Amino acid sequence: MEKISFNDVILLNEALSDNQLNFRVHLRKVSNGQKIWIEPLGICACEGRYDKMYEVIDKYFQEKWQKVVYTDGKMEFTLCNNNEMKN
């Protein structure tokens, strides 16, 4: 499993903002690693924008040769590198 840096969180949140997507990605250290989750910033502001938000997140990590694995109703995610996905 790959780790996400605080710098990645900042850049990813900027990419979401640049695409007028009202979501924010959060990162917290937990006992077994990291917890990364997506916060919608208002129900109406996010309605119909989830697919675009996932597209921005996926593209950001694809450029870093990482794959996003979504959990918890696609509101949390972890990362793995492309080699891990092949095994």
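These are my notebook entries on what I looked up in this structure.

**Entry 1: the model and its elements**

I began by noting that this is a predicted model, and I kept that in mind for every entry below. I then looked up the secondary structure and found 4 helices and 4 strands in the chain. When I followed the sequence from its start, these elements came in the pattern α-β-β-α-α-β-β-α.

**Entry 2: overall dimensions**

I next asked what radius of gyration the chain has, and how a compact globule would compare. For 87 residues, a compact globule would have a value near 12 Å, and the chain has 13 Å, which agrees. Taken along the principal axes, the box filled by the C-alpha atoms is roughly 40 × 25 × 25 Å.

**Entry 3: burial, surface and contacts**

I looked up burial for the chain and noted that 30% of its 87 residues count as buried. The accessible surface comes to about 5,800 Å², and carbon and sulfur atoms account for 49% of it. Turning to contacts with a separation of 6 or more, I found that 42% of them join residues 24 or more positions apart. For the charges, I noted 12 positive and 13 negative ones, whose mean positions lie 4 Å apart.

**Entry 4: the cysteines**

How many disulfides does the structure hold? I found 0, and I wanted to see the reason in the case of C46. The cysteine sulfur closest to that of C46 belongs to C44, and because the two sulfurs are 9.4 Å apart, they are too far from each other for a bond. As a reminder to myself, a disulfide is a covalent bond between the sulfur atoms of two cysteines. I also checked whether C46 is buried or exposed. Its relative accessibility is 0%, so C46 counts as buried. C80 is buried as well, with a relative accessible area of 7%.

**Entry 5: one residue followed closely, L16**

I chose L16, which is found in helix α1, a helix covering residues 6–18. With a relative accessible area of 0%, L16 is buried. Which residues does L16 touch, once its neighbours within four places in sequence are left aside? I found L16 in contact with L21, F23 and V25, and also with M53, V56 and I57. I looked up K52 too, which stands 36 residues from L16 along the chain, and the C-alpha atoms of L16 and K52 are separated by 9.2 Å.

Conventions:
Residues numbered from 1 in each chain as written. Predicted model: local features only at pLDDT ≥ 70, side-chain atom pairs only at ≥ 80, totals over all residues. Heavy atoms only, no water. Helix = DSSP H or I, 4+ residues; strand = E, 2+ residues; numbered from the N terminus. Rg over C-alpha atoms; globule rule 2.2 N^0.38 Å. Buried < 20%, exposed > 50% of the residue type's maximum accessible area, 1.4 Å probe, protein only. Contact = heavy atoms within 4.5 Å. Areas by Shrake-Rupley, 256 points an atom, 1.4 Å probe, with all protein chains shown as cover. Lys, Arg positive; Asp, Glu negative; His and termini not counted. Charge placed at Lys NZ, Arg CZ, Asp CG, Glu CD. Disulfide = S-S within 2.5 Å.
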